[in-house]
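Please work through the exercises below with the sequence and the structure at hand, and try each task before reading its solution.

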Amino acid sequence: MLTLDANNNTQASLSLQAANQGITNIAPYQTGKPIDELKRELGLDDIIKLASNENPLGCSPLAKQAMQDELAEVGRYPDGSGYTLKATIARTFNVAMPQITLGNGSNDILELVARTFVSTDHSVVYSQHAFAIYALVTQAVGATGIEVPAKDFGHDLVAIAKAVRADTRVVFLANPNNPTGTWFEEAEFTTFMQSVSKSVLVVLDEAYVEYFPDNFDSLKFLKQYPNLLISRTFSKAYGLASLRVGFALATAEVTDLLNRVRQPFNVNSFALAAANAALGDTDFLAQTRALNHAGMAQLEAGCTTLGLTWIPSRANFLSIHVERNGAQVFQDLLKLGVIVRPIGGYGLPDYIRVSIGTAEENQRFLQALAQVLGR
Ligand SMILES: *Cc1c(COP(=O)(O)O)cnc(C)c1O
């Protein structure tokens, strides 16, 4: 009930029941602990953050320059159509501009999808251990979330296809998935797309695709399946997490609908300029990939030495089986100035997720982990 007292504003209050259906059940998204917060709490100076799958190299110098160049125009609204960035995306990925939706991070894209296609009468399907935002955007529009049990920690595409109901509007797939790093192959995906009704929008979230680009070329499926939407981000390999910019590729029809719901200025001018420049820096991307591959090998070797297992990953992080309460290990690592992510909220209570950092950061993490586990 909405209680508003016009004569006494101090009593005006919105009770829980006034919220839209589903909102009160939402568990707020847990973000990685910021470095400054840990500094304040523990008075530590030398802190490393391996908690949010950020790029340890930062971003391309071309992107930094593009942001500098943008400063003079800070008083003006950004280009609401994002023309220049869309033109570069179109050229880079061989799609047409009317197939592109820009988002304030790819999070914005996922939310736009839910708000455009899903309401209280519908269901949305996603996997156990999948990226938390899928459940969150589903609940936010009052729809029913259907969580399909994982197989070897990854998406079970056969079971996901079977879970689709007559009222299902959207299926969210993450390839690779966060926080497990698990992936699926082209053959499985092809079978999946063939078995799912064309009236269900399949959202293929490829936030980490740049790290292992050989997995498969999803873009070619856009021509074949009008119910496919591919979501990408500049937050991970491109190193622009703080700017908030991502994009969706889909048919012109789906794109037109999403853009009716999209805020006109959802991507700011610094983000537009930096993302545009970042796409042109293939050297930076190659460097990022090389550092990630070396870091993955370093962390896997370190885990082997410690007698620990992990979930094989094709992203820029590794989820490690710490064989005890992951939240406690997270706390103990904090005291040593190392921020990782506990993933009990994802149904993996005895795991921690660590983002791959520089060689020094990875080493420091492994040493801290050895100390915390007494190994
Ligand atoms: C990090 C991440 C995203 C999106 O991040 P944005 O910063 O909003 O672009 C999307 N999907 C997955 C699976 C992620 O891990």
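**Exercise 1. Determine in which hand α11 passes α13, how the two helices are oriented, and which residues meet.**

Solution. In this predicted model, the crossing in which α11 passes α13 is right-handed. The next step is the geometry: helix α11 (residues 282–306) packs against helix α13 (residues 359–373) at an angle of about 15°, and their axes are 10 Å apart. Since angles under 35 degrees count as roughly parallel, α11 and α13 are therefore roughly parallel to each other. Turning to the residues, α11 contributes Gly 295, Gln 298, Leu 299, Gly 302, Cys 303 and Leu 306, which meet Ala 359, Asn 362, Gln 363, Phe 365, Leu 366, Leu 369 and Ala 370 of α13. Sorted by class, this contact of α11 with α13 holds eight nonpolar residues, five polar ones and no charged ones.

**Exercise 2. Carry out the analysis for α3 and α10, starting from the angle at which their axes cross.**

Solution. Helix α3 (residues 83–93) and helix α10 (residues 269–279) have axes that cross at roughly 20° and come within 9 Å. That angle makes α3 roughly parallel to α10, and the crossing in which α3 passes α10 is left-handed. On the α3 side the contact is made by Thr 84, Leu 85, Thr 88, Ile 89, Thr 92 and Phe 93, while α10 supplies Leu 272, Ala 275, Asn 276 and Leu 279. The residues of this contact of α3 with α10 comprise six nonpolar, four polar and no charged ones. The spacing of such residues can be read with a general rule in mind: an α-helix has 3.6 residues a turn, so residues three or four places apart point the same way.

**Exercise 3. Trace the order of the open sheet of seven strands, and state which strands stand at its edges.**

Solution. Reading across the sheet, the order is β4-β10-β9-β8-β7-β5-β6, and the pairing is mixed. The edges are taken by β4 (100–103) and β6 (144–148), each of which has a single partner strand, so one side of each is left without a neighbour in the sheet. On average, neighbouring strands of this sheet are turned by 20° against each other, direction ignored.

The individual pairings can then be followed:

- β4 pairs with β10 in the antiparallel sense over four bridges, and Ile 100 has Leu 249 as its bridge partner in β10.
- β9 and β10 run antiparallel and are joined by four bridges, with Gly 246 in β10 as the bridge partner of Thr 233.
- Strand β5 (residues 123–127) pairs with strand β7 (residues 168–174) in the parallel sense over three bridges, and Ser 123 stands opposite Thr 168 in β7.

In strand β10 (residues 246–249), Gly 246 and Ala 248 point one way, Phe 247 and Leu 249 point the other way, and all are buried. As a general matter, the side chains of a regular strand alternate between the two faces of the sheet.

**Exercise 4. Find which helix lies across β4, β8 and β9, and then what covers the buried residues of α5.**

Solution. Helix α9 (residues 252–261) lies across β4, β8 (201–205) and β9 (228–233), and runs at about 30° to β4. In helix α5 (residues 133–140), the buried residues include Ile 133, Tyr 134, Leu 136, Val 137 and Thr 138. The cover over the buried residues of α5 includes α4 (106–117), β5, β6, β7 and β8. After α5 comes Gly 142, with a positive phi near 75°.

**Exercise 5. Is Gln 331 buried or partly exposed, and how far apart in space are Gln 331 and Arg 341?**

Solution. Gln 331 is placed in helix α12 (residues 326–335). Its relative accessibility is 38%, so Gln 331 counts as partly exposed. Gln 331 and Arg 341 are ten residues apart in sequence, and their C-alpha atoms are 9.7 Å apart in space.

The sheet around Arg 341 comes next. An open sheet of four strands has the order β11-β12-β15-β14 with antiparallel pairing. At its edges stand β11 (309–311) and β14 (341–342), each with a single partner strand, so one side of each lacks a neighbour in the sheet. β14 pairs with strand β15 (residues 351–355) in the antiparallel sense over two bridges, and Arg 341 stands opposite Arg 353 in β15. Finally, α12 packs on this sheet, touching β14 and β15, and its direction makes about 45° with that of β15.

Terms used. Residues numbered from 1 in each chain as written. Predicted model: local features only at pLDDT ≥ 70, side-chain atom pairs only at ≥ 80, totals over all residues. Heavy atoms only, no water. Axes fitted to C-alpha atoms, helices over the stretch in contact; angles between N-to-C directions. Parallel < 35°, antiparallel > 145°, perpendicular 65-115°, else oblique. Left-handed = near helix turned anticlockwise from the far one by under 90°. Contact = heavy atoms within 4.5 Å. Nonpolar A, V, L, I, M, F, W, Y, C, P; charged D, E, K, R; others polar. Pairing = 2+ DSSP bridges. Buried < 20%, exposed > 50% of the residue type's maximum accessible area, 1.4 Å probe, protein only.
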